[in-house]
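Please work through the exercises below with the sequence and the structure side by side, and try each task before you read its solution.

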Amino acid sequence: QKTAELPELIEDACRRQLDRPDLSKMRLHRELGSIEDILMMEPPKEVPDEQIWQAFTEGVLGNLKFLDKEVCCVISIGACALATVLFTILEASGQIQVDATYFLVLVLWFLISLLGAFVIKMIGLVLFDAFTWDLVYKMNEKLRKADEKRTIFVHYSVSGWINAERVLQIWGPLPREPTLAAHFVNFGSAALAYAMPIPEPGAFGVEALPPPKPNEVELITNAMDSYEVGEAVYSELLTVNGFSFRLAVYPQGLHAKFPCVAAFVEAEAPKDDEWCYRGVKFQVTLINCIDYRVSIGRIDQGDFHDVHMDRGWADLLPQELATEDRGWVSSSGSLVIRAACSGPLGRRPERPAGPAAATAPSASPAPPTVYGKALGSQGASIESLVSDLKTLEADLQRSAARALYDLCVGKDATALRHKQQAAEAGAIEALVAAMKTHHADARVQSWAACPVASICSGDDEAAAQRKRQAVEAGALEAMVAAMTWHQDEAKVQVWAACMVDRICQGSDVAGLDRKQQAVEAGWLEALVSAMKAHADDEDVQFHSAKALHNICGDSAVRWKQQAAKAGAIEALVAAMVAHREDVKVQGWAAGALYSLCSAEDAAGTKLKHQVFKAGGLEVLLAALQLEDVRCRTWSACAGLRICCGEDSAAKKQRQHAMEVGFTTSLASSISALATALHSDDVELRGCGAWALWKLWEVMEDEMPQRAVEAGVLEALVYALNSRDVELQRPCVNVLYSTCVGEDAAALERKQRAAQAGSLEALVDAMKHSKDADLQRDAACALGNLCSGDDQLAQQRMLRAAEASAVLALQEALTFCEGDEELSEAIKELIRRMEEVLRKARMEEDGASTVAFLEAAIPAERQHVQLEVDDEPAVPEEPAAAVPFAITTSLALPSVETQPHYTPSIPSSQLREGLGGLSGLSISGPVPVMTPNNCFEPQYVPMPAFAEDVSELPV
């Protein structure tokens with residue numbers, strides 16, 4: 001898919017096919033005969049041009065000089081004669097005597113001459129074969145140039161050794177089987193399209209095409225001439241067994257030098273750093289609009305993962321065949337293409353149960369729970385793979401690294417166990433050693449970085465140890481050297497950026513130390529260089545931008561300045577301009593710009609202005625139009641970072657943002673920010689909360705109503721339940737700002753926030769945090785929600801009091817030392833809550849007492865009436881005794897000394913009931929407790945009663 005390398009790859013493939021065609025995909029058409037026969041025969045019918053054949057035969061005749069046997073005989077006889085003359089001269093001069101040694105030397109010399117003749121003969125044969133192969137290649141090349149559709153190849157065959165038989169053969173394509181399955185051969189959809197006869201119109205046109213199957217997606221393009229080269233059109237997403245995919249079609253091809261319709265099955269990336277769908281069977285079918293029974297296509301099986309998200313073919317149909325008379329395009333010039341997926345796909349993990357899961361919106365497909373292959377299917381253990389990595393053979397190390405990556409990729413329990421086993425077995429050290437040993441081998445570098453990135457992924461303590469192990473082994477230095485050495489290899493750049501991103505994850509002290517070592521090793525400059533060298537590669541841009549965001553996010557200002565000095569800002573803006581439709585590139589590039597602008601000092605102000613001057617606000621405005629939560633959230637945050645501040649530059653930048661419509665786009669992105677608060681990504685949730693907070697400075701008047709309509713209140717409650725102080729603090733501020741006010745709209749917002757559970761969420765945040773700012777802000781937000789004199793306000797205050805808000809506010813008072821105004825406000829809020837809670841419990845206890853007494857009186861004694869009077873009247877004379885006896889003695893409570901409030905019945909009934917008691921005398925009216933003569937009531941809990949109150953004695 002690397003369009004920049006495609007012309008060279010095509011040229012190399014054609015050269016290999018012309019020189020050494022893949023005979024396993026062809027059949028022997030016929031043999032022309034041996035070399036002697038070829039020189040005597042007429043030009044074959046497969047070679048239409050006689051001049052091409054004549055040039056070939058003349059070349060073969062010229063090569064026959066290497067096979068001249070007379071030369072070898074002359075050399076042998078000449079050597080023997082020379083030896084005889086030499087020994088004769090020496091014997092005549094008396095220097096040697098002729099004896100048996102003479103004849104032995106003569107025979108030895110003769111044998112040496114024969115061996116030399118044989119060697120010369122073999123060299124001649126080798127030279128003859130080499131020059132003849134070159135002639136065959138030139139003939140094939142001329143035939144190809146004469147007719148680009150030609151699928152016939154001339155092949156020079158040598159069988160044997162000394163007396164080898166040299167034959168010239170003609171090979172052709174395999175015959176097409178008369179079944180539909182023959183249309184799905186992976187090497188020949190284009191060849192089949194050439195070989196197919198033009199279909200006849202009938203009852204099997206595109207109108208009669210059956211509907212797509214449940215695992216099949218269909219795409220009908222516009223007219224082919226309406227697309228540019230390299231322009232893609234996408235189908236709708238389809239989910240099969242948790243695997244979401246779509247069809248990506250390039251009607252005009254990927255490159256101008258390769259004019260073929262290209263089609264790819266593209267997986268939707270889950271919201272996760274590391275994912276993989278294994279063993280997916282996929283098929284792409286180009287429908288013939290005249291007769292769909294003769295449609296062509298490709299079928300394959302493979303893996304889709306976070307580095308290679310799509311699989312397909314760039315040569316589905318040559319452009320010259322995409323005509324209406326052949327049926328490959330419709331009458332309107334459109335292509336009809338279908339894609340299907342099936343096989344052992346991954347499953348979505350179950351979402352955790354609980355209130356958070358109930359309020360969270362539906363997310364995009366999650367990664368499958370099973371990523372890596374089992375050890376038993378690999379045929380090798382991790383220890384054996386590590387042993388292979390420690391060898392010096394590049395091919396063995398590469399295959400071992402690939403197998404190790406298959407075992408360790410993923411986040412399920414099996415993959416995590418494999419990561420830890422690989423780290424303990426010394427896999428990281430072996431992989432880094434392989435990088436250093438084969439620094440010139442790009443494939444070793446990329447495949448060695450794959451398992452290192454996978455092993456170092458994770459956020460637990462074991463993952464932190466593995467990351468530290470990789471840093472100590474020299475992985476950062478080895479891979480940054482590989483990026484410099486193989487700057488033109490996109491795959492090396494992708495995996496290198498992925499590896500440093502995984503190693504540098506974390507904002508703790510150890511994580512910052514790893515980031516510092518990465519910066520000192522030159523990773524900032526290397527990542528920027530990779531983005532500039534591979535500007536058209538979306539994978540390089542995505543992973544490099546993600547790594548820059550990670551390194552510069554929580555780092556020191558000098559690291560941000562170093563990245564900006566290396567050209568990171570310009571590279572990120574250029575990436576967003578070049579890949580406007582790629583949400584991954586847009587989202588993480590915007591996140592990297594946000595990280596570079598996150599400083600609040602003078603250096604941060606300069607960086608913001610530098611991003612603004614580079615056109616950052618314009619590209620962020622374009623990214624806000626995309627339908628992706630991460631992309632819109634990071635773009636909003638980065639734009640707000642650029643515009644925040646009170647200096648003159650910040651004011652000009654805000655003014656420019658309003659002129660270009662950035663503020664209007666922010667208003668339409670509030671719903672995306674609310675959705676971000678439901679994300680499982682902690683960093684994305686914090687970004688969304690911060691953006692909502694800062695939006696008040698930009699659009700204070702419109703924000704409350706828009707926030708309610710976008711579901712911000714519910715999202716804030718969901719985020720407050722996370723117990724993350726850094727996330728809760730901006731959420732509390734947004735909640736306070738949304739519900740502030742005493743008008744009708746503000747009261748309605750307060751009531752909606754209370755219904756969403758904001759009161760309980762605020763109290764819970766105060767109870768589980770010791771952060772002073774969060775305590776004070778939450779107390780203010782709680783007081784704001786409970787403000788008002790209407791019945792709904794009393795209900796909200798009672799709801800907060802029942803959630804233990806009084807205790808939380810008393811704890812918050814300890815964080816308000818020095819702020820008398822806030823302390824007094826909190827004390828007043830506590831007093832009001834206690835009063836509301838006391839009244840509610842009084843009413844509840846009074847109703848409980850009456851209900852208890854009514855249930856305790858038997859049915860035959862219902863003539864005793866229980867009444868609750870506001871001002872009970874005292875009868876002049878005592879009434880008759882009640883017709884039932886009370887076995888226990890009663891004494892009236894003293895109003896002056898009784899500190900507790902006890903629910904009572906009217907005094908008339910009290911006197912009437914007490915008159916029948918023996919030994920008890922009551923004269924005069926019974927004192928009635930009123931608010932003027934009673935102490936401040938205190939709550940006394942009711943005793944626990946039996947379940948069946950009718951059985952209790954009266």
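**Exercise 1. A salt bridge between two strands**

Are Glu 216 and Arg 338 buried or exposed?

*Solution.* Before starting, note that this is a predicted model, in which local features need pLDDT of at least 70 and side-chain atom pairs count only at pLDDT 80 or more, while totals for chains, interfaces and linings use all residues. Residues are numbered from 1 along each chain as its sequence is written, and side-chain values use heavy atoms, with hydrogens and water left out.

Step 1. Recall the classes: buried means under 20% relative accessible area, exposed means over 50%, and partly exposed lies in between, with a 1.4 Å probe and protein chains only. Glu 216 is buried, and Arg 338 is buried as well; for Arg 338, the relative accessibility is 7%, which is why this residue counts as buried.

Step 2. Look at the contact between the two side chains, which meet in a salt bridge with 3.6 Å from N to O (a salt bridge is a side-chain nitrogen of Lys or Arg within 4 Å of a carboxyl oxygen of Asp or Glu). This pair links distant parts of the chain, since Glu 216 is in strand 4 (residues 216-220) and Arg 338 in strand 12, 122 residues apart. Here helices (H or I, at least four residues) and strands (E, at least two) are DSSP runs, numbered from the N terminus.

Step 3. Arg 338 also forms a salt bridge with Glu 218, where the closest N and O atoms are 2.9 Å apart. Because Arg 338 lies in strand 12 and Glu 218 in strand 4, this pair ties together parts that are 120 residues apart in sequence. Glu 218 has a relative accessibility of 29%, so this residue counts as partly exposed.

**Exercise 2. The partners of strand 9**

Which strand is joined to strand 9 by nine bridges, and which strand pairs with strand 9 over six bridges?

*Solution.* Step 1. Two strands pair if DSSP finds at least two bridges between them. Strand 10 (residues 296-305) is joined to strand 9 by nine bridges, and the two run antiparallel; in this pairing, Cys 276 stands opposite His 305 of strand 10.

Step 2. Strand 12 (residues 336-342) pairs with strand 9 over six bridges, again in the antiparallel sense. Here Thr 285 stands opposite Arg 338, the residue that forms a salt bridge with Glu 218.

Step 3. Nine of the eleven residues of strand 9 (residues 276-286) are buried, so this strand is largely enclosed by the rest of the structure.

**Exercise 3. From strand 10 to strand 11**

Which residue meets Arg 298 in a salt bridge?

*Solution.* Step 1. The partner is Asp 315, and the side chains come to 3.1 Å, N to O. The pair links distant parts of the chain, with Arg 298 in strand 10 and Asp 315 in strand 11 (residues 310-318), 17 residues apart.

Step 2. Arg 298 is buried because its relative accessible area is 2%, whereas Asp 315, at 27% relative accessibility, counts as partly exposed.

Step 3. For the wider picture, the count of salt bridges comes to 20, and Glu 828, Arg 831, Glu 835 and Lys 839 are linked in a network of them.

**Exercise 4. Two loop residues with positive phi**

In which loops do Asn 241 and Ser 804 lie?

*Solution.* Step 1. Asn 241 is placed in the loop between strand 6 (238-240) and strand 7 (243-250). Although Asn 241 is not a glycine, its phi is positive, at about 55 degrees, and with a relative accessible area of 41% the residue is partly exposed.

Step 2. Ser 804 lies in the loop between helix 36 (791-802) and helix 37 (805-813). Ser 804 is not a glycine either, and has a positive phi of about 70 degrees; at 28% relative accessibility, Ser 804 counts as partly exposed.

**Exercise 5. A residue in helix 17**

How far apart are Glu 520 and Leu 476 in sequence and in space?

*Solution.* Step 1. The two residues are 44 residues apart in sequence and 9.8 Å apart in space, taken from C-alpha to C-alpha.

Step 2. Glu 520 has its place in helix 17, and with a relative accessible area of 59% this residue is exposed.
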